[in-house]
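Hi there,

Here is the structure I promised to pass on to you. Have a look at it first, and then read on for my notes.

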Amino acid sequence: MKISENIYNIGVNDYKTDLFEGQYSVPNGMAYNSYVIIDEKIAVLDTVDARFGDEWLEKLKKLLGARKPDYLVVLHMEPDHSANILNFSKEFPSAQIVGNAKTFVMIAEYFGCDFAERRVVVNENDTLRLGGHALKFIFAPMVHWPEVMVAYEEEERVLFSADAFGKFGALDASEGWDDEARRYYIGIVGKYGVQVQGLFKKLANMPLDVICPLHGPVLKEEIPHCLDLYNRWSCYLPEADGVMIAYASVYGNTRSAAELLKSMLEGKGVKDVAIYDLARSDRALCVAEAFKYSKIVLATTTYNGDIFPAMREFLDWLTERNFQNRTVALIENGSWAPVASRTVLKRLEKCKNLTFAENSVTIRAALNDDSRAKLAALADELAR
Ligand code: FEO
(Lines give C-alpha, C1' and ligand atoms only; values in the text may rest on other atoms or scores of the structure.)
Protein backbone atom coordinates (compact mmCIF):
# COMPACT_ATOMS: atom_id res chain seq x y z
CA MET A 1 0.00 0.00 0.00
CA LYS A 2 1.42 3.33 -1.12
CA ILE A 3 1.25 6.14 1.42
CA SER A 4 3.30 8.67 -0.52
CA GLU A 5 5.83 8.64 -3.34
CA ASN A 6 8.48 7.13 -1.07
CA ILE A 7 6.60 5.55 1.82
CA TYR A 8 4.76 2.22 1.75
CA ASN A 9 2.93 -0.08 4.15
CA ILE A 10 3.82 -3.74 3.62
CA GLY A 11 1.91 -4.92 6.69
CA VAL A 12 -0.50 -7.84 6.86
CA ASN A 13 -4.09 -8.50 7.89
CA ASP A 14 -4.65 -11.19 10.51
CA TYR A 15 -7.96 -13.06 10.47
CA LYS A 16 -6.49 -16.04 12.31
CA THR A 17 -6.22 -14.60 15.81
CA ASP A 18 -9.25 -15.17 18.03
CA LEU A 19 -7.87 -13.30 21.05
CA PHE A 20 -5.34 -10.53 20.43
CA GLU A 21 -2.72 -10.44 23.20
CA GLY A 22 -4.49 -13.49 24.61
CA GLN A 23 -7.56 -11.58 25.81
CA TYR A 24 -9.06 -9.09 23.33
CA SER A 25 -11.63 -10.40 20.88
CA VAL A 26 -10.99 -9.15 17.35
CA PRO A 27 -14.06 -10.13 15.32
CA ASN A 28 -12.87 -8.00 12.40
CA GLY A 29 -9.28 -9.20 12.54
CA MET A 30 -6.11 -7.28 13.25
CA ALA A 31 -3.59 -5.39 11.14
CA TYR A 32 0.17 -5.43 11.75
CA ASN A 33 1.60 -2.53 9.79
CA SER A 34 5.19 -2.37 8.62
CA TYR A 35 6.44 0.69 6.78
CA VAL A 36 9.16 1.14 4.19
CA ILE A 37 10.84 4.43 3.29
CA ILE A 38 12.66 4.30 -0.03
CA ASP A 39 15.33 6.93 -0.52
CA GLU A 40 19.12 6.81 -1.07
CA LYS A 41 18.92 4.43 1.87
CA ILE A 42 15.98 2.14 2.51
CA ALA A 43 14.50 1.77 5.98
CA VAL A 44 11.92 -0.80 7.06
CA LEU A 45 10.06 0.15 10.23
CA ASP A 46 9.07 -2.86 12.32
CA THR A 47 8.17 -6.39 11.28
CA VAL A 48 4.91 -8.32 11.77
CA ASP A 49 3.46 -11.15 13.85
CA ALA A 50 5.29 -14.50 13.69
CA ARG A 51 2.68 -16.26 11.58
CA PHE A 52 2.94 -13.76 8.75
CA GLY A 53 6.71 -13.61 8.26
CA ASP A 54 6.77 -15.24 4.81
CA GLU A 55 3.94 -13.08 3.48
CA TRP A 56 5.63 -9.96 4.81
CA LEU A 57 9.08 -10.78 3.43
CA GLU A 58 7.57 -11.55 0.01
CA LYS A 59 5.86 -8.14 0.01
CA LEU A 60 9.12 -6.46 0.95
CA LYS A 61 11.12 -8.22 -1.77
CA LYS A 62 8.46 -7.48 -4.37
CA LEU A 63 8.44 -3.79 -3.44
CA LEU A 64 12.22 -3.42 -3.51
CA GLY A 65 12.99 -5.49 -6.60
CA ALA A 66 16.77 -5.57 -7.01
CA ARG A 67 17.39 -3.21 -4.08
CA LYS A 68 18.00 -4.33 -0.50
CA PRO A 69 16.99 -2.62 2.74
CA ASP A 70 19.72 -0.75 4.62
CA TYR A 71 17.97 -0.58 7.99
CA LEU A 72 15.35 -2.35 10.06
CA VAL A 73 14.11 0.22 12.58
CA VAL A 74 12.60 -1.40 15.67
CA LEU A 75 10.16 0.99 17.35
CA HIS A 76 8.50 -1.60 19.59
CA MET A 77 9.58 -5.05 20.76
CA GLU A 78 6.20 -6.63 21.49
CA PRO A 79 6.12 -9.80 19.39
CA ASP A 80 3.21 -8.69 17.19
CA HIS A 81 5.79 -6.33 15.64
CA SER A 82 9.17 -7.82 16.44
CA ALA A 83 8.70 -11.53 15.78
CA ASN A 84 10.41 -11.45 12.38
CA ILE A 85 13.56 -9.51 13.29
CA LEU A 86 15.70 -12.63 13.11
CA ASN A 87 14.09 -13.75 9.83
CA PHE A 88 14.73 -10.30 8.37
CA SER A 89 18.33 -10.31 9.53
CA LYS A 90 18.96 -13.66 7.83
CA GLU A 91 17.24 -12.59 4.62
CA PHE A 92 19.16 -9.31 4.45
CA PRO A 93 22.54 -9.88 6.12
CA SER A 94 23.90 -6.49 5.08
CA ALA A 95 21.07 -4.52 6.73
CA GLN A 96 21.63 -2.83 10.09
CA ILE A 97 19.21 -3.10 13.00
CA VAL A 98 18.23 0.25 14.56
CA GLY A 99 16.94 0.50 18.12
CA ASN A 100 17.68 2.06 21.49
CA ALA A 101 19.60 0.49 24.37
CA LYS A 102 16.44 -1.07 25.84
CA THR A 103 15.44 -2.44 22.44
CA PHE A 104 18.65 -4.44 22.19
CA VAL A 105 18.28 -5.87 25.70
CA MET A 106 14.88 -7.21 24.63
CA ILE A 107 16.20 -8.43 21.28
CA ALA A 108 18.77 -10.48 23.17
CA GLU A 109 16.04 -11.85 25.46
CA TYR A 110 13.79 -12.85 22.57
CA PHE A 111 16.36 -14.03 20.04
CA GLY A 112 19.47 -14.90 22.03
CA CYS A 113 21.63 -12.45 20.06
CA ASP A 114 22.03 -8.69 20.13
CA PHE A 115 23.34 -7.99 16.62
CA ALA A 116 26.49 -6.44 18.08
CA GLU A 117 28.19 -6.37 14.64
CA ARG A 118 25.35 -4.70 12.79
CA ARG A 119 23.37 -2.56 15.14
CA VAL A 120 22.77 1.16 15.36
CA VAL A 121 21.92 2.26 18.91
CA VAL A 122 20.02 5.56 18.94
CA ASN A 123 19.40 8.04 21.72
CA GLU A 124 16.46 10.37 22.17
CA ASN A 125 16.31 13.01 19.38
CA ASP A 126 18.96 11.26 17.26
CA THR A 127 18.34 11.43 13.54
CA LEU A 128 18.84 8.66 10.98
CA ARG A 129 19.35 10.23 7.56
CA LEU A 130 18.15 8.24 4.58
CA GLY A 131 18.73 10.88 1.87
CA GLY A 132 15.99 13.48 1.49
CA HIS A 133 14.14 11.75 4.29
CA ALA A 134 15.33 11.57 7.88
CA LEU A 135 13.91 9.86 10.95
CA LYS A 136 14.09 11.62 14.29
CA PHE A 137 13.59 9.29 17.26
CA ILE A 138 11.46 10.31 20.22
CA PHE A 139 11.28 7.96 23.16
CA ALA A 140 7.78 6.99 24.32
CA PRO A 141 8.31 4.75 27.35
CA MET A 142 5.21 2.75 28.40
CA VAL A 143 3.29 3.68 25.27
CA HIS A 144 3.05 0.79 25.54
CA TRP A 145 6.30 -0.91 26.67
CA PRO A 146 9.43 0.70 28.17
CA GLU A 147 11.55 0.51 25.02
CA VAL A 148 8.98 2.12 22.72
CA MET A 149 10.04 5.02 20.57
CA VAL A 150 8.27 6.83 17.77
CA ALA A 151 9.95 8.25 14.67
CA TYR A 152 9.22 11.59 13.04
CA GLU A 153 10.02 11.96 9.36
CA GLU A 154 10.71 15.62 8.85
CA GLU A 155 10.53 15.87 5.05
CA GLU A 156 6.93 14.59 4.74
CA ARG A 157 5.89 15.37 8.34
CA VAL A 158 5.00 11.76 9.07
CA LEU A 159 4.82 10.32 12.58
CA PHE A 160 5.52 6.61 12.84
CA SER A 161 3.67 6.24 16.10
CA ALA A 162 4.20 2.60 17.17
CA ASP A 163 1.09 1.36 19.06
CA ALA A 164 -0.22 4.90 19.59
CA PHE A 165 -3.23 5.72 17.37
CA GLY A 166 -3.72 2.04 16.60
CA LYS A 167 -7.00 0.17 16.59
CA PHE A 168 -8.34 -3.34 16.44
CA GLY A 169 -9.53 -4.58 13.05
CA ALA A 170 -7.89 -5.55 9.79
CA LEU A 171 -7.31 -2.78 7.26
CA ASP A 172 -10.09 -4.08 5.00
CA ALA A 173 -12.66 -4.18 7.83
CA SER A 174 -15.45 -1.71 7.14
CA GLU A 175 -15.79 0.04 10.48
CA GLY A 176 -15.14 3.50 11.85
CA TRP A 177 -12.03 4.46 13.78
CA ASP A 178 -13.42 5.71 17.08
CA ASP A 179 -14.99 2.64 18.69
CA GLU A 180 -12.27 0.13 17.93
CA ALA A 181 -9.49 2.65 18.61
CA ARG A 182 -11.11 3.40 21.99
CA ARG A 183 -11.45 -0.29 22.83
CA TYR A 184 -7.82 -0.82 21.83
CA TYR A 185 -6.45 2.25 23.64
CA ILE A 186 -8.37 1.82 26.91
CA GLY A 187 -7.71 -1.91 26.99
CA ILE A 188 -4.04 -1.91 26.10
CA VAL A 189 -2.61 1.53 26.88
CA GLY A 190 -5.29 2.91 29.23
CA LYS A 191 -3.15 2.54 32.34
CA TYR A 192 -0.49 4.82 30.88
CA GLY A 193 -2.34 8.11 30.33
CA VAL A 194 0.43 10.09 32.03
CA GLN A 195 3.01 8.63 29.65
CA VAL A 196 0.82 9.35 26.62
CA GLN A 197 0.54 12.96 27.78
CA GLY A 198 4.33 13.00 28.13
CA LEU A 199 4.68 11.93 24.50
CA PHE A 200 2.22 14.63 23.39
CA LYS A 201 4.39 17.27 25.07
CA LYS A 202 7.43 16.05 23.13
CA LEU A 203 5.45 16.17 19.86
CA ALA A 204 3.91 19.57 20.52
CA ASN A 205 6.01 21.50 17.99
CA MET A 206 6.03 18.88 15.27
CA PRO A 207 3.45 19.42 12.52
CA LEU A 208 1.75 16.16 11.60
CA ASP A 209 0.46 15.54 8.08
CA VAL A 210 0.38 11.76 8.38
CA ILE A 211 0.32 9.31 11.30
CA CYS A 212 1.44 5.75 10.58
CA PRO A 213 0.50 3.49 13.52
CA LEU A 214 1.47 -0.15 13.85
CA HIS A 215 -2.22 -1.19 13.88
CA GLY A 216 -5.14 0.22 11.93
CA PRO A 217 -5.34 2.76 9.14
CA VAL A 218 -2.88 5.49 8.25
CA LEU A 219 -4.35 8.78 9.46
CA LYS A 220 -4.33 12.02 7.48
CA GLU A 221 -7.26 14.46 7.43
CA GLU A 222 -8.77 12.81 10.53
CA ILE A 223 -5.66 13.62 12.63
CA PRO A 224 -7.21 16.52 14.63
CA HIS A 225 -10.19 14.35 15.58
CA CYS A 226 -7.99 11.42 16.60
CA LEU A 227 -5.65 13.70 18.58
CA ASP A 228 -8.62 15.17 20.40
CA LEU A 229 -9.91 11.72 21.39
CA TYR A 230 -6.44 10.56 22.45
CA ASN A 231 -6.07 13.66 24.56
CA ARG A 232 -9.39 12.97 26.32
CA TRP A 233 -8.62 9.30 26.84
CA SER A 234 -5.14 9.92 28.20
CA CYS A 235 -6.45 12.67 30.54
CA TYR A 236 -9.22 10.28 31.67
CA LEU A 237 -11.90 12.74 30.60
CA PRO A 238 -15.30 11.48 29.43
CA GLU A 239 -16.27 11.79 25.79
CA ALA A 240 -20.04 11.62 26.23
CA ASP A 241 -22.38 13.25 28.71
CA GLY A 242 -24.46 10.14 29.29
CA VAL A 243 -24.94 7.12 31.50
CA MET A 244 -23.52 3.64 31.21
CA ILE A 245 -25.38 0.97 33.20
CA ALA A 246 -23.25 -2.11 33.83
CA TYR A 247 -25.02 -4.98 35.52
CA ALA A 248 -24.36 -8.52 36.71
CA SER A 249 -27.47 -10.59 37.37
CA VAL A 250 -28.02 -14.23 38.37
CA TYR A 251 -31.79 -14.76 37.88
CA GLY A 252 -32.74 -11.53 36.15
CA ASN A 253 -33.90 -9.38 39.06
CA THR A 254 -30.86 -7.12 39.00
CA ARG A 255 -31.22 -6.98 35.21
CA SER A 256 -34.85 -5.83 35.63
CA ALA A 257 -33.68 -3.03 37.90
CA ALA A 258 -31.00 -1.98 35.41
CA GLU A 259 -33.49 -1.99 32.53
CA LEU A 260 -36.06 -0.07 34.57
CA LEU A 261 -33.45 2.56 35.42
CA LYS A 262 -32.58 2.87 31.73
CA SER A 263 -36.20 3.52 30.79
CA MET A 264 -36.59 5.99 33.69
CA LEU A 265 -33.50 7.91 32.54
CA GLU A 266 -34.73 8.01 28.97
CA GLY A 267 -38.13 9.13 30.22
CA LYS A 268 -36.39 12.03 31.93
CA GLY A 269 -34.69 13.06 28.69
CA VAL A 270 -31.23 11.50 29.09
CA LYS A 271 -30.42 10.83 25.44
CA ASP A 272 -27.35 8.66 25.74
CA VAL A 273 -27.89 5.62 27.99
CA ALA A 274 -25.93 2.43 27.32
CA ILE A 275 -26.62 -0.82 29.15
CA TYR A 276 -24.40 -3.91 29.32
CA ASP A 277 -24.82 -7.37 30.84
CA LEU A 278 -21.28 -7.89 32.08
CA ALA A 279 -21.51 -11.67 31.92
CA ARG A 280 -22.47 -11.64 28.25
CA SER A 281 -20.74 -8.60 26.77
CA ASP A 282 -17.21 -8.20 25.52
CA ARG A 283 -15.17 -7.17 28.56
CA ALA A 284 -12.92 -4.75 26.66
CA LEU A 285 -15.97 -3.08 25.11
CA CYS A 286 -17.60 -2.63 28.53
CA VAL A 287 -14.41 -1.13 29.94
CA ALA A 288 -14.04 1.24 26.97
CA GLU A 289 -17.67 2.32 27.40
CA ALA A 290 -17.08 3.02 31.09
CA PHE A 291 -14.29 5.41 30.07
CA LYS A 292 -16.47 6.97 27.37
CA TYR A 293 -19.39 8.07 29.55
CA SER A 294 -19.46 10.70 32.28
CA LYS A 295 -21.66 8.59 34.61
CA ILE A 296 -21.69 4.91 35.37
CA VAL A 297 -24.21 2.80 37.29
CA LEU A 298 -22.88 -0.43 38.77
CA ALA A 299 -25.68 -2.91 39.48
CA THR A 300 -24.75 -6.25 40.94
CA THR A 301 -26.01 -9.08 43.03
CA THR A 302 -24.26 -10.15 46.19
CA TYR A 303 -22.46 -13.46 45.73
CA ASN A 304 -20.56 -15.56 48.27
CA GLY A 305 -20.32 -12.54 50.58
CA ASP A 306 -18.75 -10.58 47.72
CA ILE A 307 -20.01 -9.53 44.29
CA PHE A 308 -20.89 -11.54 41.23
CA PRO A 309 -17.67 -12.55 39.40
CA ALA A 310 -18.48 -10.69 36.18
CA MET A 311 -18.71 -7.41 38.14
CA ARG A 312 -15.59 -8.20 40.17
CA GLU A 313 -13.55 -8.76 37.01
CA PHE A 314 -15.00 -5.65 35.39
CA LEU A 315 -13.96 -3.54 38.40
CA ASP A 316 -10.49 -5.10 38.29
CA TRP A 317 -10.13 -4.02 34.67
CA LEU A 318 -11.33 -0.49 35.49
CA THR A 319 -9.03 0.03 38.45
CA GLU A 320 -6.06 -1.52 36.63
CA ARG A 321 -6.56 1.17 33.97
CA ASN A 322 -6.73 4.07 36.45
CA PHE A 323 -10.47 4.66 36.15
CA GLN A 324 -11.19 8.16 37.51
CA ASN A 325 -13.07 11.45 37.06
CA ARG A 326 -16.55 9.93 36.83
CA THR A 327 -19.88 9.93 38.67
CA VAL A 328 -20.68 6.48 40.04
CA ALA A 329 -24.03 5.14 41.26
CA LEU A 330 -24.64 1.81 42.96
CA ILE A 331 -27.45 -0.72 42.86
CA GLU A 332 -27.06 -3.86 44.95
CA ASN A 333 -29.16 -6.96 45.25
CA GLY A 334 -29.12 -9.62 47.98
CA SER A 335 -31.82 -11.96 49.21
CA TRP A 336 -30.57 -12.29 52.78
CA ALA A 337 -27.37 -10.24 53.30
CA PRO A 338 -26.79 -7.62 50.59
CA VAL A 339 -23.18 -6.42 50.79
CA ALA A 340 -22.49 -5.70 47.14
CA SER A 341 -22.37 -1.90 47.33
CA ARG A 342 -19.99 -1.95 50.29
CA THR A 343 -17.77 -4.37 48.37
CA VAL A 344 -17.86 -2.26 45.18
CA LEU A 345 -16.94 0.87 47.15
CA LYS A 346 -13.99 -0.95 48.69
CA ARG A 347 -12.78 -2.03 45.27
CA LEU A 348 -13.00 1.54 43.93
CA GLU A 349 -11.43 3.29 46.90
CA LYS A 350 -8.07 3.86 45.17
CA CYS A 351 -9.68 5.49 42.12
CA LYS A 352 -9.12 9.22 41.94
CA ASN A 353 -11.86 11.81 41.72
CA LEU A 354 -14.96 9.63 41.69
CA THR A 355 -18.21 11.31 42.74
CA PHE A 356 -20.72 8.89 44.20
CA ALA A 357 -24.44 9.50 43.69
CA GLU A 358 -26.33 10.45 46.84
CA ASN A 359 -29.04 7.94 45.98
CA SER A 360 -28.22 4.26 46.01
CA VAL A 361 -30.56 1.31 45.69
CA THR A 362 -30.76 -1.93 47.65
CA ILE A 363 -32.99 -4.67 46.27
CA ARG A 364 -34.01 -7.56 48.49
CA ALA A 365 -34.33 -10.39 45.96
CA ALA A 366 -36.77 -8.68 43.57
CA LEU A 367 -37.97 -5.15 42.86
CA ASN A 368 -40.78 -3.82 45.04
CA ASP A 369 -42.43 -0.44 45.48
CA ASP A 370 -39.71 0.78 47.81
CA SER A 371 -36.80 -0.15 45.52
CA ARG A 372 -38.68 1.21 42.47
CA ALA A 373 -39.05 4.54 44.27
CA LYS A 374 -35.34 4.53 45.07
CA LEU A 375 -34.57 3.82 41.41
CA ALA A 376 -36.76 6.78 40.44
CA ALA A 377 -34.84 9.01 42.87
CA LEU A 378 -31.54 7.80 41.42
CA ALA A 379 -32.81 8.47 37.90
CA ASP A 380 -33.77 12.02 38.97
CA GLU A 381 -30.31 12.62 40.37
CA LEU A 382 -28.48 11.25 37.35
CA ALA A 383 -30.67 13.17 34.91
CA ARG A 384 -30.05 16.52 36.62
FE1 FEO B 1 1.00 -3.82 19.00
FE2 FEO B 1 2.32 -3.17 22.12
O3 FEO B 1 2.13 -4.05 20.46
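**Asn33 and its surroundings**

Asn33 is buried, with a relative accessible area of 0%. Please keep in mind that this is a predicted model. The residue sits in the loop that links β5 (30-32) to β6 (35-38).

What does the side chain of Asn33 reach? One partner is the backbone oxygen of Gly216, at 2.8 Å. The side chain of Asn33 also makes a polar contact with the side chain of Tyr35, at 3.2 Å. Leaving aside residues up to four places away in sequence, Asn33 touches Asn9, Gly11, Thr47, Leu171, Pro213, Leu214, His215 and Gly216. Leu171 is a nice example from that list: 138 residues separate Asn33 and Leu171 in sequence, yet their C-alpha atoms are 9.3 Å apart in space.

**Glu147, a buried charge**

The second residue I would like to show you is Glu147, in the loop between β12 (134-139) and β13 (149-153). Glu147 is buried, yet it has no salt bridge. Where is the nearest side chain of opposite charge? That side chain belongs to Lys102, and it is 8.0 Å away from Glu147. A salt bridge would call for a side-chain nitrogen of Lys or Arg within 4 Å of a carboxyl oxygen.

A polar atom of the Glu147 side chain does lie 2.5 Å from the backbone nitrogen of Met77. Met77 also appears among the residues that Glu147 touches, together with Leu75, His76, Glu78, Asn100, Lys102, Thr103 and Met106, again not counting residues up to four places away in sequence.

**The chain as a whole**

To put these two residues in context, the chain has 384 residues, and 57% of them are buried. Its secondary structure comes to 12 helices and 22 strands. Along the principal axes, the C-alpha atoms fill a box of roughly 80 × 40 × 35 Å.

How much of the contact network links residues 24 or more positions apart? Among contacts with a separation of 6 or more, such pairs account for 70%.

As for the surface, the chain exposes about 16,200 Å², and carbon and sulfur atoms supply 48% of that area. The chain carries 44 positive and 54 negative charges, and the mean positions of the two sets are 4 Å apart.

Happy browsing, and best wishes

How values were computed: Residues numbered from 1 in each chain as written. Heavy atoms only, no water. Helix = DSSP H or I, 4+ residues; strand = E, 2+ residues; numbered from the N terminus. Buried < 20%, exposed > 50% of the residue type's maximum accessible area, 1.4 Å probe, protein only. Lys, Arg positive; Asp, Glu negative; His and termini not counted. Polar contact = N/O pair within 3.5 Å; in protein donor to acceptor, adjacent residues only side chain to side chain. Contact = heavy atoms within 4.5 Å. Areas by Shrake-Rupley, 256 points an atom, 1.4 Å probe, with all protein chains shown as cover. Charge placed at Lys NZ, Arg CZ, Asp CG, Glu CD.
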